[in-house]
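Biologist: I have a model open and some terms to challenge. Can you show it and defend the wording?

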Amino acid sequence: MLTYEQARRTVIDQIAQATGPRATANHSVWDALGFVLAEEVKTDREYPPFDRSTRDGYAVRAAEVAPGATLRCVAEIKAGDTVTQSLAASTCVQIMTGAAVPSGADAVVMIEHTNRDGDAVRFERAAQLGQNIVPRASEAKRGEVILSPGMRLGYAELALAAQVGATQLRCASKPRIAILSTGDELVSIDQEPGAFQIRNSNSVSLAAQVRLAGGEPVLLGNAADRIDDLREKISRGLREDVLVLSGGVSMGKYDLVETVLKDLGAEFYFDAVAIRPGRPAVFGKCGSAFVFGLPGNPVSTMVTFELFVVPAIELLSGAAARDLPLVEARLGAALNEKPGLAHFLPAQVRWRGSVPEVKALPWQGSGDIAALAHANCYLVVAADRGQVNAGETMPILLRKDIM
Ligand code: AMP
Ligand code: MG
């Protein structure tokens with residue numbers, strides 16, 4: 001049985017091998033959040049386009065400013081002003097943050113370090129050459145590539161594109177991810193469940209996780225635990241880039257997903273991973289589509305999606321697979337887990353003091369969505385641990401979606 005690291009690596013290797021260039025489309029910077037860039041974005045001019053003051057104060061010749069020196073203020077420059085006059089010897093110019101520094105000036109002295117009396121400005125301390133000035137073209141030259149294909153567009157990337165006037169961005173099309181739940185016990189979320197039925201909440205978490213990972217969910221509803229229904233709906237799902245199934249991959253008599261996939265010609269890269277929850281997770285390929293069969297217990301479905309499906313979607317959306325957001329925290333209360341499988345426990349991490357502290361939350365096992373809804377991370381207990389004392393350092397997997 002693969003470890004979760006090996007299973008994740010398998011997904012990344014298989015998908016990286018199989019993916020060619022993706023379709024692209026233009027999106028406005030207003031709408032491109034979360035897309036992956038498919039072109040280079042270059043600067044339209046130098047950045048900054050002029051020597052820019054980073055402070056409110058006085059533009060001076062540094063050599064003329066010793067402690068106690070006084071210079072005559074001859075003008076004022078505010079952000080956006082056109083600056084043509086150079087600074088005359090023995091004078092200074094009042095200047096605002098973001099304004100262009102006049103030629104001749106080589107330092108800006110913060111207003112806090114000056115005293116003014118009429119036109120006379122007295123300086124408290126010496127000025128250093130270049131202080132409080134961002135030189136023209138020091139951030140980027142004209143025509144320099146500032147955003148590259150494969151970059152995910154977050155708010156800073158979008159602002160950078162906007163800064164250089166790139167209002168339309170060519171982006172990779174999002175991979176289409178079919179979502180199919182399975183189980184005779186399930187009803188859709190807008191139906192009233194019978195006494196022994198449950199609502200299909202997995203389709204909701206899966207659709208949200210697909211969106212967060214950069215994919216386009218394609219909802220296929222639920223299949224009954226019957227070969228014919230599974231076959232029909234799985235075949236439909238295989239027309240998309242990826243099919244994600246929930247349920248029907250355990251050892252029960254009505255866990256038929258693998259059987260049906262095999263009949264349809266699927267090749268499997270793994271059909272179990274040494275984790276709890278999530279052990280029966282399946283990954284393979286059927287025709288041109290990649291298939292994940294995730295166990296149906298809601299927390300199992302969510303954990304296995306984060307570990308294995310997220311990197312697949314990232315690669316298929318034209319980006320690199322991101323590293324898992326694993327960090328270390330100090331365990332707040334002792335743990336006693338059964339060794340053998342790596343455990344992912346719903347947990348709360350708090351940043352109080354210098355070291356983050358994590359506590360596992362009480363839970364009823366992999367069906368307990370409420371425990372995860374109160375967690376901001378998973379506590380990762382390695383397969384060879386089990387007993388862990390309070391105060392030990394443990395890895396935690398952050399829930400990026402809510403942090
Ligand atoms: P399975 O992996 O098919 O054996 O499902 C395990 C358990 O997970 C089921 O008994 C249900 O309680 C629950 N479950 C399965 N599918 C879903 C779903 N789509 N939404 C919510 N709970 C589910
Ligand atoms: Mg089932």
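Biologist: What makes helix 6 mostly covered?

Modeller: This is a predicted model. Buried means under 20% relative accessible area. In helix 6, 18 of the 19 residues are buried, so the helix counts as mostly covered.

Biologist: How do you know that helix 6 bends?

Modeller: One axis is fitted to the seven residues ending at Phe 305, another to the seven starting there. The angle between these axes is about 45 degrees. That angle is the bend. After the helix comes Gly 318, with a positive phi near 95 degrees.

Biologist: Which helix gives the most to the largest nonpolar core?

Modeller: Helix 6, residues 298-316, with twelve residues. The core has 42 residues. Tyr 4, Phe 292, Leu 307, Phe 308 and Phe 344 touch the most other members.

Biologist: Why is the set of 20 residues called another core?

Modeller: Core members must be joined through side-chain atoms within 4.5 Å. The set of 20 lies apart from the largest core, so it is named as another one. Among its residues are Leu 238, Val 257, Ala 266 and Val 282.

Biologist: What makes the pair between Gly 296 and ligand 1 a polar contact?

Modeller: The cut-off for N or O atoms is 3.5 Å. A backbone N or O atom of Gly 296 is 2.8 Å from a ligand oxygen, so the pair qualifies. Asn 297 also qualifies, because its backbone N or O atom lies 3.2 Å from an oxygen of ligand 1.

Biologist: How much of ligand 1 does the protein bury?

Modeller: Alone, ligand 1 exposes 490 Å². The protein buries 78% of that.

Methods. Residues are numbered from 1 along each chain as its sequence is written. Chains are lettered from A and ligands numbered from 1 in the order in which they are written. This is a predicted model: local features need pLDDT of at least 70, side-chain atom pairs count only at pLDDT 80 or more; totals for chains, interfaces and linings use all residues. Side-chain values use heavy atoms; hydrogens and water are left out. Buried means under 20% relative accessible area, exposed over 50%, partly exposed in between (1.4 Å probe, protein chains only). Helices (H or I, at least four residues) and strands (E, at least two) are DSSP runs, numbered from the N terminus. A polar contact is a pair of N or O atoms within 3.5 Å; within protein, one must be able to donate a hydrogen and the other to accept it, and residues adjacent in sequence count only if both atoms are side-chain atoms. Accessible areas come from the Shrake-Rupley method with a 1.4 Å probe; for residues, only the protein chains shown count as cover.
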